[in-house]
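Please open the model in your viewer with the cartoon and the side chains available, and follow the selections below in order.

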Amino acid sequence: VGVRAAPVGAEPHLRETDAEDGEGGAPGVCVDPGGSDGVAGEPLLATSRIGPRKPEVTDVGLKVASTKSDTQLPELEGSGTYKGGHEGVSVMRWWRLLYRPGQPVEDLHARKDYEPVSGAGGAKYQCQMADYGYHLVFSFTPVRSDGEAGPAVFSTPSDAILP
């Protein structure tokens, strides 16, 4: 960026340009030089390219979305808050917490002792008979629109799945 001097006695006026906070925008400063003689100079613009931050997800959790009857297994819904540029196709999966007699659910969750639920992807999952008695876990892997992925984050386990 070249710099042109304002006329002697000129008092530049600064104004900020638009920027997309952490989204790859180009924030900058525009200088509108103007002298005490009332003659305005040509505006000068200085920008700095900011790249998007690494994709991340926070507040990952799950809840029971609905139960249609006392005999039907529940539908679960997972969620999380994405940060890190424009979101691409983030990966949402469901997992069964493997049962170990006598071992607390918290210990299994800390060890990530899971098996994937076959065919279960997306924010909602309708529990099946194969899930009966298991605790389920939702995972969210954030992916930016350019394909950059962040680390997967897991929810706390659901209660045991019962009709």
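Select Leu76 and Tyr125 to begin: Tyr125, in β8, is the bridge partner of Leu76. The model is a predicted one, in which local features need pLDDT of at least 70 and side-chain atom pairs count only at pLDDT 80 or more, while totals for chains, interfaces and linings use all residues. Residues are numbered from 1 along each chain as its sequence is written, and side-chain values use heavy atoms, with hydrogens and water left out.

Now widen the selection to residues 75-83, which form strand β5, and note that β5 and β8 pair in the antiparallel sense over 3 bridges. Strands here are DSSP runs of E with at least two residues, numbered from the N terminus, and two of them pair if DSSP finds at least two bridges between them.

Adding β4 completes an open, antiparallel sheet of 3 strands, in the order β4-β5-β8. Because β4 (56-66) and β8 (124-126) each have a single partner strand, they stand at the edges, and one side of each is left without a neighbour in the sheet. From one strand to the next, the twist averages 15°, with axes taken as lines fitted to C-alpha atoms and angles running from 0 to 180 degrees between N-to-C directions.

Move next to the loop between β8 and β9 (135-141), where Met129 lies. With a relative accessibility of 62%, Met129 counts as exposed (exposed is over 50% relative accessible area, buried under 20% and partly exposed in between, with a 1.4 Å probe and protein chains only).

From there, select β9 itself, which is largely enclosed by the rest of the structure, because 6 of its 7 residues are buried. Which strands pair with β9? One of them is β6 (residues 91-97), joined to β9 in the antiparallel sense over 7 bridges, and another is β10 (residues 153-154), also antiparallel, over 2 bridges. Phe140 is a useful residue to centre on, since Met92 stands opposite Phe140 in β9, and Phe140 in turn stands opposite Val153 in β10.

Finally, continue past β10 to Ser158, which is placed in the segment after that strand. Is Ser158 buried or exposed? At 8% relative accessibility, Ser158 counts as buried. Show its surroundings as well: leaving aside neighbours within four places in sequence, Ser158 is in contact with Leu62, Leu76, His135 and Leu136, where contact means heavy atoms within 4.5 Å. Leu76 in this list is the residue whose bridge partner is Tyr125, which returns the tour to its first selection.

Conventions. Helices (H or I, at least four residues) and strands (E, at least two) are DSSP runs, numbered from the N terminus.
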